[in-house]
Amino acid sequence: MNARWRTYCIVPLAVMAAGPVAGWAAQYLALEEAQKLCFPGADAFVPSDITLTREQMRAVKKDSGVRARTGTQKLWRAMRGQEFLGWFIKDEVLGKHELITWALALGPDGAVRRIEILDYRETYGYEVRGAQWRAQFYGKKHGAALKLDRDIKNIGGATLSCRHITDGVKRLLSFYELFLK
Amino acid sequence: MNCSLSKLRRCHPLLGTFVEITAAGDTAAAVQAAIDEAFAAIGRVQALMSFHDPASELSRVNRAAASGKTVRVSPQIYHVLAFAKALHAGTQGIFDIAAARTQDQGAGTADIELLPDHAVRCLRPLTIDLGGVAKGFAVDCAIEVLRGADMDSALVNAGGDMRCFGRPQPVCIRHPGMPGRFVPLPDLNDAALATSANSYTACAHFHGRTRGPVRRPFSVSVRATTCMMADALTKVVLACGQRSAPLLSEFDADAFMVYPDGRVICWEKEEA
């Protein structure tokens with residue numbers, strides 16, 4: 001085998017077909033799958049959403065240093081019969097441009113049991129807000145998204161920070177401390 | 001190929017980024033268990049090698065290095081330091097894991113002394129930053145776990161640095177300078193791919209020998225047998241460009257330099 005430097009000209013994927021925008025989405029877990037993964041022994045997840053007042057939201061911000069996006073926190077009590085196994089909290093944080101759906105599982109004592117990413121979306125450019133463009137891949141299962149030359153699946157390159165998830169954990173732990181404990 | 005394989009894809013926030021693991025195996029339960037173990041292995045590397053966590057083993061090593069004390073370390077950190085020292089020597093100092101501010105004082109990877117029984121001593125005060133290799137090492141550890149769990153195939157992608165086995169994987173990399181555009185690369189087959197670029201951020205990489213910042217208009221992707229090797233070599237190619245060819249040959253690696261205008265200059269082995 002030998003090697004040498006060679007030059008290619010490549011038309012980047014998504015430029016020609018999608019116009020001036022591109023995006024990528026992955027669904028890792030449906031809600032029920034995530035719940036089961038976090039609490040394998042649970043036989044019921046009891047919806048227990050809490051809507052915070054502005055005052056309460058400010059309290060969370062003060063305690064965690066992180067501002068909440070929305071006043072309503074989606075949460076479930078994981079149960080096995082009468083036994084309380086812990087809290088399953090579904091949340092969203094801003095990724096690079098779009099919201100990432102993720103879940104935090106807390107034990108009955110409030111200790112972090114598990115963090116799972118449910119949905120990850122990434123889009124670029126103002127045009128991507130258009131419903132028509134979104135329609136081309138939302139709702140599709142992975143493997144069917146963005147059929148161009150090939151699927152855009154395994155993306156290398158610039159590292160994306162997960163700092164917003166870390167902030168989200170802080171915020172939800174304050175939420176637990178103030179309203180669930 | 002067995003058609004009844006279960007394939008799962010999971011994502012956890014680790015190493016400061018999003019780590020995605022895809023694996024296929026006999027049953028969904030076995031695949032999920034293997035993926036959980038692989039994430040745990042990455043978590044252990046993070047706990048050992050985080051630069052910013054004062055409780056990490058690396059921080060303990062750095063505290064000892066400041067005073068020239070000898071310190072016992074885990075086999076993992078020892079292994080990574082040995083790799084870094086070898087690459088530092090092999091690149092005549094271009095690859096350096098000493099933090100830029102300690103490089104300014106003349107200290108470098110060569111001042112790290114590896115002693116028997118996993119003991120480490122620094123001959124000059126220096127701060128070690130494993131940012132250029134730890135992520136690749138973590139990916140390698142996860143792959144080892146997945147192989148050990150008899151997965152049919154798997155891919156671990158830690159925020160853009162990845163490694164796979166079992167079946168060829170289509171890969172593309174982010175276009176330097178054009179967010180949202182993806183440049184396809186040849187399929188990855190039982191190999192690792194890492195990418196470095198500084199076109200999106202103001203932060204620059206540092207040249208270990210000239211001590212100067214390295215700014216390049218192109219991104220560099222290196223394909224190698226391990227992700228730690230690929231991760232580390234991207235920094236060398238970013239610093240040396242086409243002059244890195246002998247090194248790439250020596251380490252059996254391929255490189256792809258992607259320019260903003262769509263040109264890809266690649267060093268790739270050809271089948272004879």
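**View 1. B:A30 sits in helix 1 of chain B.** The model is predicted. B:A30 is partly exposed because 16 other C-beta atoms lie within 10 Å, and a buried residue needs 20 or more. B:Q105 follows 75 residues along the chain from B:A30. The C-alpha atoms of the two are separated by 51 Å.

**View 2. Helix 1 of chain B covers residues 28–49.** Its 22 residues should span 32 Å at 1.5 Å a residue. The end C-alpha atoms are 32 Å apart, so the model agrees with that expectation. Buried positions in helix 1 of chain B include B:V31, B:A34, B:I35, B:A38 and B:F39. B:A41, B:I42, B:V45, B:L48 and B:M49 are buried as well. Among the strands that cover these buried residues are strand 1 (6–14), strand 2 (17–25) and strand 6 (153–158) of chain B. The cover also includes helix 2 (57–67), helix 3 (75–90) and helix 5 (134–148) of chain B.

**View 3. Helix 5 of chain B is largely enclosed by the rest of the structure.** That is because 12 of its 15 residues are buried. The buried set includes the run B:A134, B:K135, B:G136, B:F137, B:A138 and B:V139. It also holds B:D140, B:C141, B:A142, B:I143, B:V145 and B:L146. The 15 residues of helix 5 of chain B should span 21 Å at 1.5 Å a residue, and the end C-alpha atoms are 21 Å apart, which agrees. B:D150 follows helix 5 of chain B, with a positive phi near 60°.

**View 4. Domain 1 of chain B touches domain 3 of chain B.** Chain B is divided into domain 1 (1–51 + 131–165), domain 2 (57–128) and domain 3 (168–272). Domain 1 and domain 3 of chain B each give 14 residues to their contact. On the domain 1 side, helix 5 and strand 7 (161–165) of chain B each supply at least two residues. By class, that side has seven nonpolar, three polar and four charged residues.

**View 5. Strand 13 of chain B (residues 219–224) is largely enclosed by the rest of the structure.** Six of its six residues are buried, so the strand earns that description. Side chains in a regular strand alternate between the two faces of the sheet. In strand 13 of chain B, both faces are covered. B:S219, B:S221 and B:R223 are buried on one side, and B:V220, B:V222 and B:A224 on the other. Strand 10 (residues 192–196) of chain B runs antiparallel to strand 13 of chain B, joined by five bridges. Here B:A192 stands opposite B:A224. Strand 14 (residues 254–258) of chain B also pairs with strand 13 of chain B in the antiparallel sense, over five bridges. In that pairing, B:S221 has B:F256 as its bridge partner.

**View 6. Chains A and B contribute strands to an open sheet of three strands.** The order is 9(A)-8(B)-9(B), and the pairing is mixed. Strand 9 (154–156) of chain A and strand 9 (182–188) of chain B are the edge strands, each pairing on one side only. The twist averages 35° from one strand to the next. Strand 9 of chain A runs parallel to strand 8 (residues 169–174) of chain B, and three bridges join them. A:I155 has B:C172 as its bridge partner in strand 8 of chain B.

**View 7. Chain B has seven helices and 15 strands.** Of its 272 residues, 50% count as buried. Among contacts in chain B between residues at least 6 apart in sequence, 57% join residues at least 24 apart.

Technical notes. Residues are numbered from 1 along each chain as its sequence is written. Chains are lettered from A and ligands numbered from 1 in the order in which they are written. This is a predicted model: local features need pLDDT of at least 70, side-chain atom pairs count only at pLDDT 80 or more; totals for chains, interfaces and linings use all residues. Helices (H or I, at least four residues) and strands (E, at least two) are DSSP runs, numbered from the N terminus. Two residues are in contact if their C-beta atoms, placed from the backbone, lie within 7 Å. Two strands pair if DSSP finds at least two bridges between them. Axes are lines fitted to C-alpha atoms, for helices over the stretch in contact, and angles run from 0 to 180 degrees between N-to-C directions. The expected span of a helix is 1.5 Å times one less than its number of residues. Domain bounds come from an automatic or database domain assignment. Ala, Val, Leu, Ile, Met, Phe, Trp, Tyr, Cys and Pro count as nonpolar, Asp, Glu, Lys and Arg as charged, and the others, Gly among them, as polar.
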